[in-house]
Amino acid sequence: MSNVKVLPLLEADGPDVVPCCPPLAERPMTAVEAETAARMFKALGDPVRLRLFSAVASHEGGEACVCDISDVGVSQPTVSHHLKKLKEAGLLSSERRGTWVYYRVEPAVLAAMGKLLTVPATA
């Protein structure tokens, strides 16, 4: 069992799920918000992780078996390492079904990422 702290991109607040961080142009981030956003960007800063994240996000049905996304030019143990880093950053969730693990990007995660990079409209 890992003792790594997972910093979610989303925080549950009653029935609604809200992004952890305000849009970058809205106000300065707090230290906790910056740590959470940095972990997300760091996880996506690796080309293999970005390819895996994209493969899961674009896969039919919104989830992908590790067997369907592992062809990214690195060994299976390295794929597992990168998927673990994406999970720790709060970008992926997973479920074991038999011998395979299925990964998914919740639509709310993509929405939160988009909101973080949105420039507020001017009146």
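The dialogue below asks how several labels used for this predicted model are justified.

Biologist: Why are the side chains of E33 and R27 said to meet in a salt bridge?

Modeller: The label requires a side-chain nitrogen of Lys or Arg within 4 Å of a carboxyl oxygen of Asp or Glu, and the N to O distance for E33 and R27 is 2.8 Å, so this pair satisfies the rule. By this rule the count comes to seven salt bridges.

Biologist: What makes E33 buried or exposed, and what is the state of R27?

Modeller: Buried means under 20% relative accessible area, and because E33 has 11% it counts as buried. R27, with a relative accessible area of 34%, falls between the 20% and 50% limits and is therefore partly exposed.

Biologist: How do you know that K85 forms a salt bridge with E88?

Modeller: The closest N and O atoms of K85 and E88 are 3.8 Å apart, and since the cut-off is within 4 Å, the pair is counted as a salt bridge. K85 and E88 are three residues apart in helix 4 (residues 76-88), which means that about one helical turn separates them. As for their surroundings, K85 counts as partly exposed because its relative accessibility is 31%, whereas E88, at 11%, counts as buried.

Biologist: Which residues are joined into one network by salt bridges that share partners?

Modeller: That network consists of E63, E95, R97 and R104. Within it, the side chains of R104 and E63 meet at 3.2 Å, N to O, and because R104 lies in strand 5 and E63 in strand 3, this pair ties together parts that are 41 residues apart in sequence. E63 itself, at 21% relative accessibility, is placed among the partly exposed residues, because the buried class ends at 20%.

Biologist: Why are strand 3 (63-65) and strand 4 (93-97) called edge strands?

Modeller: The sheet is open and has three strands in the order 3-5-4, with antiparallel pairing; strand 3 and strand 4 each pair on one side only, and that is what the name refers to. From one strand to the next, the twist averages 25°.

Biologist: How do you know that strand 4 and strand 5 (residues 100-104) pair?

Modeller: Pairing asks for at least two bridges between the strands, and strand 4 and strand 5 have five, in the antiparallel sense, so the condition is met. Along this pairing, R96 stands opposite V101 and S94 stands opposite Y103. The two strands form a hairpin with two residues between them, and G98 in the turn has a positive phi of about 65°.

Biologist: What makes L24 eligible for a nonpolar surface patch?

Modeller: A patch residue needs over 30% relative accessible area and no salt bridge; L24 has 47%, which counts as partly exposed, and leucine is one of the nonpolar side chains accepted. L24 sits in the loop between strand 2 (16-19) and helix 1 (31-44), and together with F41 and L117 it makes a patch of about 290 Å².

Biologist: Which residues have the most contacts inside the largest nonpolar core?

Modeller: They are L52, F53, L83, L86, L91 and L92, in a core of 25 residues. Since a residue must be buried to belong to such a core, each of these six has under 20% relative accessible area. Among the elements that each supply at least two residues of this core are helix 2 (47-58), helix 4 and helix 5 (107-116).

Definitions and conventions
Residues numbered from 1 in each chain as written. Predicted model: local features only at pLDDT ≥ 70, side-chain atom pairs only at ≥ 80, totals over all residues. Heavy atoms only, no water. Patch = residues over 30% accessible without salt bridge, like charges linked within 9 Å, V, L, I, M, F, W, Y side chains within 5 Å. Areas by Shrake-Rupley, 256 points an atom, 1.4 Å probe, with all protein chains shown as cover. Helix = DSSP H or I, 4+ residues; strand = E, 2+ residues; numbered from the N terminus. Buried < 20%, exposed > 50% of the residue type's maximum accessible area, 1.4 Å probe, protein only. Axes fitted to C-alpha atoms, helices over the stretch in contact; angles between N-to-C directions. Core = buried A, V, L, I, M, F, W, Y, C linked by side-chain atoms within 4.5 Å.
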